[in-house]
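Hello,

Here is the structure I promised to pass on. Please have a look, and then read on for what turned up in it.

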Amino acid sequence: MILKDILLKIKFDSSTDRIGPDCPFTHWRFYFKNSMRNICKKKFAHFANSAEFRAGAYAISCSKISIGENVIIRPNTMLFADPRKGDQGSIVIKDNVMIGSGVHIYVANHRYDTKDKNIINQGHCDAKNVVLEQGCWIGANSIILAGVIVGKNTVVGAGSVVTKNIPDFCVAVGNPARVIKIIK
């Protein structure tokens with residue numbers, strides 16, 4: 001029985017549309033660049049040649065996530081795209097984006113609009129795409145929520161919660177994140 005469960009888990013880890021420490025039979029391969037790159041090229045919608053996905057990071061619905069050149073996904077980062085079919089619910093990380101450790105990106109949220117139902121039973125809102133434009137920097141432990149576009153060469157301060165679009169060439173911080181400086 002245990003051997004059968006192990007074989008099923010190995011098959012699941014290899015074929016599922018996700019990666020992370022909860023998939024131990026593939027996750028150990030992320031400690032080695034060549035095997036990390038091979039897995040990522042197969043699973044992600046796009047994974048650039050110079051991108052890295054470090055051990056300890058998670059990606060859910062890899063087939064709806066694109067990662068550009070010179071992007072490193074660091075440990076404790078969570079990329080949560082929408083597993084449902086359709087054009088919405090993708091994550092696009094363009095070239096030269098810096099992402100600190102522990103950043104979370106979500107494309108959907110739980111519904112909570114019916115008071116007579118427990119939230120867990122209300123399902124999810126419609127998913128919305130998230131885009132991190134070229135050259136932006138997302139500080140450690142920031143959270144990027146559904147439908148957000150972070151502008152080109154924009155800085156999101158560590159620990160910020162981004163609920164709305166942030167324009168190009170600025171610095172945004174806080175919860176919710178707000179622009180505090182324009183980069184000239």
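To begin with one residue: where is the place of Ser160? Ser160 sits in the loop that lies between strand S15 (155-156) and S16. Before going further, a word on the source: this is a predicted model, in which local features need pLDDT of at least 70 and side-chain atom pairs count only at pLDDT 80 or more, while totals for chains, interfaces and linings use all residues. Residues are numbered from 1 along each chain as its sequence is written, and side-chain values use heavy atoms, with hydrogens and water left out.

Helices (H or I, at least four residues) and strands (E, at least two) are DSSP runs, numbered from the N terminus.

Back to Ser160: is this residue buried or exposed? Ser160 counts as buried because its relative accessible area is 1% (buried means under 20%, exposed over 50%, partly exposed in between, with a 1.4 Å probe and protein chains only). Leaving aside residues up to four places away in sequence, Ser160 touches Asn141, Ser142, Ile143, Ala172, Val173, Gly174 and Ala177 (contact means heavy atoms within 4.5 Å).

Now the sheet. Six strands form an open sheet with mixed pairing, in the order S1-S4-S7-S10-S13-S16 (two strands pair if DSSP finds at least two bridges between them). Strand S1 (18-19) and strand S16 (161-162) are the edge strands, each pairing on one side only. S1 runs antiparallel to strand S4 (residues 58-60), and two bridges join them; Arg18 stands opposite Ile60 in S4.

Just after S1 comes a loop leading to helix H2 (24-27), and Pro21 is found there. Pro21 is partly exposed, because its relative accessibility is 31%. Among the residues that Pro21 touches, beyond four places in sequence, are His27 and Tyr58.

As for the interior, the largest nonpolar core has 41 residues, and those with the most contacts inside it include Phe44, Ile93 and Leu132 (such a core is a set of buried Ala, Val, Leu, Ile, Met, Phe, Trp, Tyr and Cys residues joined through side-chain atoms within 4.5 Å). Helix H3 (33-43) and strand S17 (170-174) are among the elements that each supply at least two residues of this core. H3 gives the most, with three residues.

Finally, Ile6 lies in helix H1, and at 35% relative accessibility Ile6 counts as partly exposed.

Happy browsing, and do write back with your thoughts!

Best wishes
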